Amino acid sequence: MRFLLLAFALLALPAHAAETFKSPQALIKALYAYDTAETAEDAPSPYQPFFSRGLNRLFQADRDTTADGEVGAVDFDPVNAGQDGEAKGVKLSAPILLDDTAELEVSFRNGAEKVTLYYTLKREQGGWKVDDIANQQGEYPWSLRDLLGGQ
């Protein structure tokens, strides 16, 4: 009986939730191809399947402390670096690997704006997950972890 319940639970998960990304590039390509409508409404963030446990915990803590009807600490789409639009012409740098972490740059156009984001990835449970995204350009540079009050 337990096996059947587990099997049904796994079938109900979106395909990306159970996917293990064997390389940083595979993770980023899947992230930018992802439709956030596939994420459960009660997930900590729309990109929950791609984020590390630590980053998801920070999003959940922010969600838990934000009053109903209010916007949390992250009031924009961090993957597209904006309120609207979409990433076009996504290009990845070669990742810099150090043990179980990787860093790489992702550049794209969102409308007329050229965007470069800096990703920190972490190896978890045999695959790669996003542990931070940062935008170091413009008047207001940001890091997801900093916005969410985490280290």
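The following paragraphs lead through a predicted model of one protein, from its overall layout to single residues.

The protein contains five helices and six strands. Read from the N terminus, the order of these elements is α-α-α-α-β-β-β-β-β-β-α. The chain has 151 residues, and 40% of them are buried. Contacts can also be sorted by how far apart the partners lie in the sequence. Among contacts with a separation of 6 or more, 44% join residues that are 24 or more positions apart.

The interior is a suitable place to begin. In soluble globular proteins, nonpolar side chains tend to be buried together. In this model, the largest nonpolar core has 32 residues, and those with the most contacts inside it are Tyr32 and Tyr119. Helix 3, helix 4, strand 3 (101-110), strand 4 (113-124) and strand 5 (127-135) each contribute at least two residues to this core. Helix 3 gives the largest share, which is five residues. Tyr119 shows how many parts of the chain can meet at one side chain. Leaving out residues up to four places away in sequence, Tyr119 touches Ile28, Leu31, Tyr32, Val79, Ala102, Glu103, Leu104, Val106, Val130, Asp132 and Ile133. Tyr32, the other residue with the most contacts inside the core, is thus itself a partner of Tyr119.

Helix 4 deserves a closer look. This helix has 13 residues and spans 18 Å from its first C-alpha to its last, close to the 18 Å expected at 1.5 Å a residue. Which residues of helix 4 are buried? They are Gly54, Leu55, Asn56, Leu58, Phe59 and Asp62. An α-helix has 3.6 residues a turn, so residues three or four places apart point the same way. The buried residues of helix 4 are covered by elements that include strand 4, strand 5 and helix 5 (144-147).

One residue of this helix illustrates such covering. Gly54 lies in helix 4 and has a relative accessible area of 17%. A residue counts as buried when this value is under 20%, and Gly54 is therefore buried. Apart from neighbours within four places in sequence, Gly54 is in contact with Glu124 and Arg145. Gly54 and Arg145 are 91 residues apart in sequence, yet their C-alpha atoms are 9.4 Å apart in space.

The next stop is the loop before helix 4. Ser45 is located in the loop between helix 3 (24-33) and helix 4 (53-65). Is Ser45 buried or exposed? With a relative accessible area of 4%, Ser45 is buried. Beyond the residues up to four places away in sequence, Ser45 touches Thr39, Phe51, Asn56 and Phe59. Two of these partners, Asn56 and Phe59, are buried residues of helix 4. Gln48 is found in the same loop, between helix 3 and helix 4. Its relative accessible area is 30%, so Gln48 counts as partly exposed. Setting aside neighbours within four places in sequence, Gln48 is in contact with Thr39, Ala43 and Asn56. The C-alpha atoms of Gln48 and Thr36, 12 residues apart along the chain, are separated by 9.3 Å.

Ser45 also leads to the empty space in the model. Rolling a probe the size of a water molecule over the atoms shows where empty space is left. The largest pocket has a volume of about 480 Å³. It is lined by 24 residues, and the closest to its centre are Pro44, Ser45, Pro46, Phe59 and Val74. By class, this lining consists of 12 nonpolar, six polar and six charged residues.

Finally, the loops between strands hold two residues with an uncommon backbone angle. Most residues other than glycine have a negative phi. Asp99, in the loop between strand 2 (96-98) and strand 3, has a positive phi of about 55° although it is not a glycine. Asp99 is exposed, with a relative accessible area of 67%. Gln125, in the loop between strand 4 and strand 5, likewise is not a glycine and has a positive phi of about 50°. Gln125 is exposed as well, at a relative accessible area of 69%. Gly126 also lies in the loop between strand 4 and strand 5, and its relative accessibility of 46% makes it partly exposed. Not counting residues up to four places away in sequence, Gly126 touches Thr20 and Lys22. Gly126 and Thr20 are 106 residues apart along the chain, while their C-alpha atoms are separated by 6.9 Å.

How values were computed:
Residues numbered from 1 in each chain as written. Predicted model: local features only at pLDDT ≥ 70, side-chain atom pairs only at ≥ 80, totals over all residues. Heavy atoms only, no water. 1 Å grid on protein atoms, 1.4 Å probe; cavity = no way out; pocket = protein on both sides within 12 Å on 5 of 7 lines; lining within 4 Å. Points joined across faces, edges and corners; volume = space filled by probe spheres on them. Nonpolar A, V, L, I, M, F, W, Y, C, P; charged D, E, K, R; others polar. Helix = DSSP H or I, 4+ residues; strand = E, 2+ residues; numbered from the N terminus. Buried < 20%, exposed > 50% of the residue type's maximum accessible area, 1.4 Å probe, protein only. Contact = heavy atoms within 4.5 Å. Core = buried A, V, L, I, M, F, W, Y, C linked by side-chain atoms within 4.5 Å. Expected span 1.5 Å × (residues − 1).
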